[in-house]
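Hi,

Here is the structure I promised to pass on. Have a look at it first, and then read on for my notes.

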Amino acid sequence: MQTSTMVPTYDCFTINVPRVEAKRFKAIVKAFGFNFEVRPMTPLERSLEEEKSGKVYTYASLDDLIKEIG
């Protein structure tokens, strides 16, 4: 007797959802019967996000940084 086991295959997507819409998005995903995984941002991803949003400061030299800090 030969048994056939069907192993589901999955595609993985990265979707950025505004925080204010996250609850509704999760409900929609669950309604479709899909599973999702919320993973925290890696330090590199967080750094890149901060750079995009303008939270990174640059200085011409270490002396300029020290002067700014006080």
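Below is what turned up, starting with the ground rules.

This is a predicted model, so local features need pLDDT of at least 70 and side-chain atom pairs count only at pLDDT 80 or more, while totals for chains, interfaces and linings use all residues. Residues are numbered from 1 along each chain as its sequence is written, and side-chain values use heavy atoms, with hydrogens and water left out.

The pocket first. The largest pocket holds about 1,500 Å³ of space. Among its 26 lining residues, F13, T14, I15, E37 and V38 are the closest to its centre. Two elements, α1 and α2 (43–52), give two or more residues each to that lining. By class, the lining has 15 nonpolar, 3 polar and 8 charged residues. Here Ala, Val, Leu, Ile, Met, Phe, Trp, Tyr, Cys and Pro count as nonpolar, Asp, Glu, Lys and Arg as charged, and the others, Gly among them, as polar. A pocket means an open set of points on a 1 Å grid over the protein atoms alone, with protein on both sides within 12 Å along at least five of seven lines; a lining residue has an atom within 4 Å of a point. The grid points are joined across faces, edges and corners, and the volume is the space filled by probe spheres set on them.

F13 and I15 come up again on the surface: together with F25 they make a nonpolar patch of about 320 Å². Patches take residues with over 30% relative accessible area and no salt bridge, and nonpolar side chains (Val, Leu, Ile, Met, Phe, Trp, Tyr) are joined within 5 Å. Areas come from the Shrake-Rupley method with a 1.4 Å probe, and for residues only the protein chains shown count as cover. F25 sits in helix α1 (residues 22–31); helices are DSSP runs (H or I, at least four residues), numbered from the N terminus. F25 counts as partly exposed because its relative accessibility is 30%. For the cut-offs, buried is under 20% relative accessible area, exposed is over 50%, and partly exposed is in between (1.4 Å probe, protein chains only).

On to charges: the whole structure has 2 salt bridges, each a side-chain nitrogen of Lys or Arg within 4 Å of a carboxyl oxygen of Asp or Glu. In one, R24 meets E21 at 2.6 Å, N to O. R24 is exposed at 53% relative accessible area, whereas E21 is partly exposed at 29%. In the other, the closest N and O atoms of R39 and E45 are 3.0 Å apart. R39 is partly exposed at 44%, and E45 is partly exposed at 30%.

A few loose ends. L44, in helix α2, is exposed at 59% relative accessibility. Its C-alpha is 16 Å from that of N16, with the two positions 28 residues apart in sequence numbering. D11 lies in the segment before α1 and is exposed at 66%. Helix α3 (residues 62–69) is hardly covered, with 0 buried residues among its 8. After α3 comes G70, with a positive phi near 105°.

Cheers

How values were computed
Patch = residues over 30% accessible without salt bridge, like charges linked within 9 Å, V, L, I, M, F, W, Y side chains within 5 Å. 1 Å grid on protein atoms, 1.4 Å probe; cavity = no way out; pocket = protein on both sides within 12 Å on 5 of 7 lines; lining within 4 Å.
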